[in-house]
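Work through the exercises below with the sequence and the model at hand. Each task is followed by a solution in steps.

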Amino acid sequence: MNQDTVAEAEAIERGGGPLDVPGLLAKVSERRRAQTADAEDTASDTGADSAGPVSRTEPESPVSRTESESPVSRTESESPVSRTESESPVSRTESESPVSRTESESPVSRTESESPVSRTESESPVSRTESESPVSRTESESPVSRTESESPVSRTESGSTESGPAAQDADALAAAISAIAGRFLPGGELAVDADFFDAGGSSVDAVEFAAALEDELGIVLDLDEVFADGRPISLARRSPHVSLPSVSATPVASPSAPASPAAPTVTPVATATPAGPDTARPEDLQQILADLALADRLPFVSDPEPVPPRRILLTGATGFLGGHMLLDLLRHSDAHVYCLVRAEDEDAALTRLGEALKSYRLPWSSEVRRRITVLPGDMRRPRLGLSDETWARLAQELDSIVGVAAAVDFLRGYQSLRGSNVLGPLALAELAATGRPKPLHHISSIAVFNEVGIASMGEDDPLAHIDRLVSGYDQSKWAAEVALRRARDHGLIVTALRPGGIGGHTKTGAHNPQDLSSGLISAFGRFRTVPAFRYLNAAPVDWVSRVAAAVVCEPDAWGFDYNLTGVPNTLDDVVRDMAFGGMHVRVQDWDEWRTGTLARLEAEPVPELAFLTRVLQSPTALKLCEATLKGPAAEMERTAALVEALGLPPARRYDARAQLKTFEKLAEDGLGRLPAKEDPPYLWFSETTEGTVGPVGAPADLPCSMALTLSIAGMHQLVSERRVDVRGTVTCPVLHAEPLTVERGDVWVRPEEGIPQRHGMKHQLLRYRLELVDASGGRWWLEGRKYARARRDLWRQTRALTVEIGPAGEPATLAGEVVVPADSYVRDQIDGIKVDPRLTSQEKRAAKLTWLAWFGLEMGRGLIGPFARAAADLLDLRRTTTLTERHR
């Protein structure tokens, strides 16, 4: 390549100095035409037609063709995709072609030896010889699957078309980076062109890896760069220590240096172009466009037979949603399910699947194992990592394919995620189109709408603009869904199912600890702050899974797009729900909440929330969060109609009651924190009692009184434990001249469901347990009970408390009864209820009414119990008296 051209191209890449871009492109084009003419002269003299570096004989590629056969081939000067540096990677002038680029700019074209889709300049990308059918291929010419060393869209990065010290330095540096990366991976090694995360690296490993690069090689890389593209060769080329020449991603044949067929030319990678804060990186956009073209190579197929499936391939069964879908498919159909599991062999795959299901509190029984077949494989590998024999067998046997597997990581870039999230679904589409036609049900995501400022998110609304999706995860889900839409044009039945945030199971509390929704809810409850947002589009996993499984099993539902987002939660809904749980939260703007949460997480590290810390520190991931929190409510008219038609449970708001078990599991796993005794009370009131006690077995004639404050830290403890916290004092001169302090106290409402003790007729209403300390340090305990009996003095029964008192660790020494005065009951325990002052007046009224309704219902159930039992005994016509009848 002419050195002036290289320098000019480098200037374009750097964007330094004022440039005459049109003039510069004209120069580049002129030099390329001159090089082409020289190459033709050389070829005519030396017979280079058969030995050129980019020419290909017809049998070598199903897509390369001669120029004369193409109805759409163009001359070099007509190339319509060349762009100036300042142009958007997707916008072009009218005279520009969408596929060709200037020599210094295109990062997606490849050399002949690396990609089955690269062509000479004279070859048309779509023309074919007469003998080549546009859709038929031999089995070895799979349109989407690839060998590991050869991908139609991925580029190798082990070298450059420019040989020299810079390229050698990059290769050496890549090897050093690869050696360091291996120390943080399960396998202990990493190829220079393999992705760090695909090899098993985690977010924590990436942080340590970046630190090791700085310590040992002096390479300072932003962590986002590692997440964007974690291949050692890419990191080496982006390192400031290596000065690479700016080269064309579309290699041009050099007349003076023809390549030997035995020594393939290596495709270079263009220097990464920085994107704006609100736009995608140009190199990612170009890769996405190349990936979308893969769907155009799928064969045309006929419609599958519209019957419920009997043999289903399920990917992602070890994941949170996939595991629940596996059980729902087994419960609600008689299908046999093939589960693709990433593992070395079948035994390891079966073990991994069982451990995953048990971790989500799902059954792993012999019946489940009988109805599944595990297939060791890998979504990131060509043909799913399956053997040719297994692939061919599945192509003939399967009735349906369900793709749930995806790499869910909001920090990784598109290049790092495309193997799992884009090429994997395309491989499933290829399998669906091979052999007997099969429907493909693809679990997409509401993230395909994650553009800041998007107006609506309906099931048939336009998706986001791809150049405005910044997160690699959003881009990969968008690319997969759009590519599969193209597959529909080939006759493939594709169903797109788009969950939003997937919440925990409403019955078991099982949740996905790495889900962003779970992380945010955990932070809300732990730190008692919430960022201002419009809507949270989230639904519990049991509802999402059940609806998705129903779509798979109902042929009339195939081929449409569904939003599985449930009923959106507003900011007021979340604040009210958390207040109902006793977790009063303050609303802050996004920046204030993010700064405060990061400060709290640094001051009080929570290992289980480490991923949230990294998300809140990543500019790319923050854009995803911003779009999520500022987006509109997702609409699901088609889903609602389907749910009603199939008689499924309708979507309900994922409120505090639905999240109850999840909150408990989050707290158990260290992700959340439920209200505790030490927290400020949410609601409280006073209770005073007066009465007498005496030695056990003797008359009670010694005065005793209590001045207590009953409180709850949150409604959660009422729903889950039916328990009220107690503090205050007990005055009993026979124990100590000064009042005894309640060190710890609890009151249980209808303990043991009000079952009477010793088969008697006294049903328990309340049980008190107090730990007391006197002024001299002596420790005592007090046990008290309120009973319900089948008698007319109901008013007194709700106020009278039978008590026993004794030294700590010893039996009771005093017994008696204390009663709440009639004139203080309503004043203190109804009118005197106090609520957290941080709540609004409306929230205070709601809290008070909620408490009174709950407590009144429980007391009513307790009081009616003995009357119902007495009525049953009166209707008993047996002649033999029971043991208790003589005492009534």
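A nonpolar core is a set of buried Ala, Val, Leu, Ile, Met, Phe, Trp, Tyr and Cys residues joined through side-chain atoms within 4.5 Å. The model used here is a predicted one.

**Exercise 1. The chain as a whole**

Task: State how many helices and strands there are in the chain, and what percentage of the residues count as buried.

Solution. Step 1: the chain has 25 helices and 22 strands. Step 2: of its 888 residues, 53% count as buried. Step 3: take the contacts between residues at least 6 apart in sequence; 72% of these join residues at least 24 apart.

**Exercise 2. The nonpolar cores**

Task: Find which residues have the most contacts inside the largest nonpolar core, and which helix gives the largest share of this core.

Solution. Step 1: the largest nonpolar core has 62 residues. Step 2: the residues with the most contacts inside this core are I177, F196, F209, L516, F524 and M578. Step 3: helix α14, residues 516-527, supplies the largest share of the core, six residues. Step 4: follow one of the residues from step 2. Leaving out residues up to four places away in sequence, L516 touches F410, L612, V615, L624 and C625. Step 5: a second core, separate from the largest one, has 47 residues, including L314, F320, L353 and I502. As background, nonpolar side chains tend to be buried together in soluble globular proteins.

**Exercise 3. Helix α14 against helix α17**

Task: Decide whether α14 is roughly parallel or roughly perpendicular to α17, and list the residues that make the contact.

Solution. Step 1: the axes of α14 and helix α17 (residues 590-603) come within 11 Å and cross at roughly 75°. Step 2: angles of 65 to 115 degrees count as roughly perpendicular, and α14 is therefore roughly perpendicular to α17. Step 3: on the α14 side, the contact is made by L520, A523, F524, R526 and F527, and on the α17 side by W593, T597, R600 and L601. Step 4: sorted by class, this contact has six nonpolar, one polar and two charged residues.

**Exercise 4. Helix α15 against helix α20**

Task: Repeat the analysis for α15 and α20, giving the angle at which they pack and the classes of the residues in contact.

Solution. Step 1: helix α15 (residues 541-553) packs against helix α20 (residues 637-646) at an angle of about 75°, with the axes 11 Å apart. Step 2: the two helices are therefore roughly perpendicular to each other. Step 3: α15 contributes W543, V547, A550 and V551 to the contact, and α20 contributes T639, L642, V643 and L646. Step 4: by class, there are seven nonpolar residues, one polar and no charged residues in the contact of α15 with α20.

**Exercise 5. Two residues of strand β14**

Task: Work out whether E690 is buried or exposed, and then place G691 in the same terms.

Solution. Step 1: E690 lies in strand β14, and G691 lies in strand β14, residues 683-695. Step 2: exposed means over 50% relative accessible area; E690, at 54%, therefore counts as exposed. Step 3: G691 has a relative accessible area of 23% and is partly exposed. Step 4: not counting residues up to four places away in sequence, E690 touches C704, S705, V818, V819 and P821. With the corresponding neighbours set aside, G691 is in contact with L702, P703, C704, E817 and V818. Step 5: E690 and S705 are 15 residues apart in sequence, and their C-alpha atoms are 4.4 Å apart. G691 and P821 are 130 residues apart in sequence and 9.9 Å apart in space, C-alpha to C-alpha.

**Exercise 6. A loop asparagine**

Task: Locate N450 and find which side chain makes a polar contact with its side chain.

Solution. Step 1: N450 is in the loop between β5 (440-443) and α13 (472-488). Step 2: buried means under 20% relative accessible area; at 11%, N450 is therefore buried. Step 3: the side chain of N450 makes a polar contact with the side chain of D474, at 3.3 Å. Step 4: beyond its neighbours within four places in sequence, N450 is in contact with A464, L469, D474, L624, A627 and T628.

Methods:
Residues are numbered from 1 along each chain as its sequence is written. This is a predicted model: local features need pLDDT of at least 70, side-chain atom pairs count only at pLDDT 80 or more; totals for chains, interfaces and linings use all residues. Side-chain values use heavy atoms; hydrogens and water are left out. Axes are lines fitted to C-alpha atoms, for helices over the stretch in contact, and angles run from 0 to 180 degrees between N-to-C directions. Helices (H or I, at least four residues) and strands (E, at least two) are DSSP runs, numbered from the N terminus. Angles under 35 degrees count as roughly parallel, over 145 as roughly antiparallel, 65 to 115 as roughly perpendicular and the rest as oblique. Contact means heavy atoms within 4.5 Å. Ala, Val, Leu, Ile, Met, Phe, Trp, Tyr, Cys and Pro count as nonpolar, Asp, Glu, Lys and Arg as charged, and the others, Gly among them, as polar. Buried means under 20% relative accessible area, exposed over 50%, partly exposed in between (1.4 Å probe, protein chains only). A polar contact is a pair of N or O atoms within 3.5 Å; within protein, one must be able to donate a hydrogen and the other to accept it, and residues adjacent in sequence count only if both atoms are side-chain atoms.
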